Structures are given as C-alpha cells and as structure tokens.
Amino acid sequence: MGRMWFLIVALAFFALSGCENGGVPLSTPSLEPPSITEVHPTCGAPGETVVIKGTGFGDTQGGSVVTFNGVPAEVLSWSSTRITVLVPATTTGDIVVTVNGVSSNGVRFTVPCGAAIGEQFSF
C-alpha cells in the first residue's frame, strides 16, 4: 500500500511540474551559460533586424530575453545557436541574452550606424 501512495504522489508531481511559470512554457534547459560569439550587423536603427549567434541559448525561447542596452527586443526566431530580433527603441549599449536568469556576455551595438557619442537617437 505504501508503494502505491508513493507512485501516485510521484506521478502527480511530474504531471503538475509542467504547469510552472503560470502556464508559460519554460525555455529548454541548457547545459552551458549563454554566450554571444557574433552579432550582425553591429549597428542599426530601431526596427531593423539583427542576427545573434552563439551558444547556450536553448532550443526554444520560453521566458528568455534579448536586451539592447537594457531594453527588451522583439524576437523573430530562436534556436540554441542563433537568435533573430528587431532593434528596440534604445541607444548605444550592449546586447545581452538572458536564459533562465543567466546572462550572456555583452556585445556592443551602436544606434544608429555611424553615430558618435552624443549623436545617438533620443527618445
């Protein structure tokens, strides 16, 4: 009888564990922290497309985010090694990918291309 209760409790736990995070699927667990190896282009204006290459992003986005100078970007596609996003309304700063609360290295992104310090968009 004790084994049966254990089995019931174990099955209930596994069944309910998929309901974490308010019904929003969590991103696919990654064995390595996220790391950005390449960003193309390295400058642009809000609304333009940027491709981020690296490792440890997880197979699906889930609750993971990409930020430009702290501003979340709209994600167009996501894989474990490549993310495509739209540049948000922001100023020059680092692109960072955060997966399951772990942040990647930052890679500098200039808004807009050719802008010198003090010549950036202001919002």
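**Close-up 1. Strands E5 and E6 sit side by side in an antiparallel pair.** In this predicted model, E5 and E6 run antiparallel and are joined by 4 bridges. The two strands make a hairpin, with 3 residues between them. Look for Val75, which stands opposite Val85 in E6. E5 spans residues 74-78 and E6 spans 82-86, and each gives two or more residues to the largest nonpolar core.

**Close-up 2. E6 also pairs with E2.** Here 5 bridges join E2 to E6, and the two strands run antiparallel. Val85 turns up again in this view, with Val50 standing opposite it. As a reminder, Val85 in E6 also has Val75 opposite it.

**Close-up 3. Four strands line up as an open sheet.** The order to follow is E1-E2-E6-E5, with antiparallel pairing. E1 and E5 take the edges with a single partner strand each, so one side of each has no neighbour in the sheet. On average, neighbouring strands here are turned by 25° against each other, direction ignored. As general background, strands of a sheet pair through backbone hydrogen bonds, in either a parallel or an antiparallel way.

**Close-up 4. Ile52 and Val66 have the most contacts inside the largest nonpolar core.** This core has 18 residues. Strands E1 (35-40), E2 (49-55), E3 (65-68), E5 (74-78), E6 (82-86) and E7 (93-99) are the elements that give two or more residues to it. The largest share, 3 residues, comes from E7. In soluble globular proteins, nonpolar side chains tend to be buried together.

**Close-up 5. Ile52 and the residues it touches.** Not counting residues up to four places away in sequence, Ile52 touches Ile36, Glu38, Val39, Phe57, Val66, Thr81, Arg82, Ile83, Val85, Ile95 and Val97. Val85, one of these contacts, is the E6 residue that Val50 stands opposite. Val66 is on the contact list too, and Val66 is named along with Ile52 for having the most contacts inside the core.

**Close-up 6. A disulfide joins Cys43 to Cys113.** The S to S distance is 2.0 Å, and the count for the model comes to 1 disulfide. With 95° about the S-S bond, the link of Cys43 and Cys113 is right-handed. Cys43 lies in the loop between E1 and E2, while Cys113 is in the segment after strand E9 (107-109), so the pair ties together parts that are 70 residues apart in sequence. Cys113 is partly exposed, at a relative accessible area of 44%.

**Close-up 7. Ser35 in strand E1.** At 26% relative accessibility, Ser35 counts as partly exposed. Leaving aside neighbours within four places in sequence, Ser35 is in contact with Lys53, Gly54, Thr55, Phe57, Ser104 and Asn105. Phe57 is also one of the residues that Ile52 touches. Check the spacing to Thr98 as well: the C-alpha atoms of Ser35 and Thr98 are separated by 9.5 Å, although the two residues are 63 apart along the chain.

**Close-up 8. Stepping back to the chain.** There are 1 helix and 9 strands, and the pattern along the sequence is α-β-β-β-β-β-β-β-β-β. Of the 123 residues, 31% count as buried. The accessible surface comes to about 7,400 Å², with 62% of it belonging to carbon and sulfur atoms. Among contacts between residues at least 6 apart in sequence, 53% join residues at least 24 apart.

Technical notes
Residues numbered from 1 in each chain as written. Predicted model: local features only at pLDDT ≥ 70, side-chain atom pairs only at ≥ 80, totals over all residues. Heavy atoms only, no water. Buried < 20%, exposed > 50% of the residue type's maximum accessible area, 1.4 Å probe, protein only. Contact = heavy atoms within 4.5 Å. Areas by Shrake-Rupley, 256 points an atom, 1.4 Å probe, with all protein chains shown as cover. Core = buried A, V, L, I, M, F, W, Y, C linked by side-chain atoms within 4.5 Å. Disulfide = S-S within 2.5 Å. Pairing = 2+ DSSP bridges. Axes fitted to C-alpha atoms, helices over the stretch in contact; angles between N-to-C directions.
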